[in-house]
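Biologist: I should like a close look at a single part of this model, namely its salt bridge. Please set out which residues form it and where they lie.

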Amino acid sequence: MDSYDFEHLVADLWEQQGWDTEVSQASSDAGIDVIATKENPYPQKKLIQAKRYGPNTTVGSPDMQQYYSLKEQEDNVDSVVIALLNPPTASG
């Protein structure tokens, strides 16, 4: 699964839980991959960063701090969510 497909999978999972989602354009997402909003039981807005682990991709403390700062890029954001995928590795 490539990064684009993973972002759409994350959006689909949030929609199944009753959220409205918008997947950001890859070229202008500024680190925000999915915006999820919900009006009931009260207005909520979450920014989601979809991240895939790989041989050359890890997520550490500095990354987490940077992603948290995404909250400042949009108005009325309740929280930032980081969705991680660790693809299986070939055993040999």
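Modeller: The account below begins with the basis of the model and then turns to the salt bridge.

This is a predicted model, in which local features need pLDDT (the predictor's confidence in each residue, from 0 to 100) of at least 70, side-chain atom pairs count only at pLDDT 80 or more, and totals for chains, interfaces and linings use all residues. Residues are numbered from 1 along each chain as its sequence is written, and side-chain values use heavy atoms, with hydrogens and water left out.

The chain has a mean pLDDT of 82, and 78% of its residues reach 70 or more. The structure holds one salt bridge, a term that denotes a side-chain nitrogen of Lys or Arg within 4 Å of a carboxyl oxygen of Asp or Glu. The partners are K45 and E74, whose closest N and O atoms are 2.9 Å apart. Because K45 lies in strand β3 and E74 in the loop between α2 and β4 (79–85), the pair ties together parts that are 29 residues apart in sequence; strands (E, at least two residues) and helices (H or I, at least four) are DSSP runs, numbered from the N terminus.

As to exposure, K45 is buried, with a relative accessible area of 16%, whereas E74 is partly exposed, at 27%. Here buried means under 20% relative accessible area, exposed over 50%, and partly exposed in between (1.4 Å probe, protein chains only).

One caution concerns helix α2 (residues 61–68), which has the lowest mean pLDDT among the elements of the chain, 70. Where pLDDT is low, the predicted coordinates should not be read in detail.
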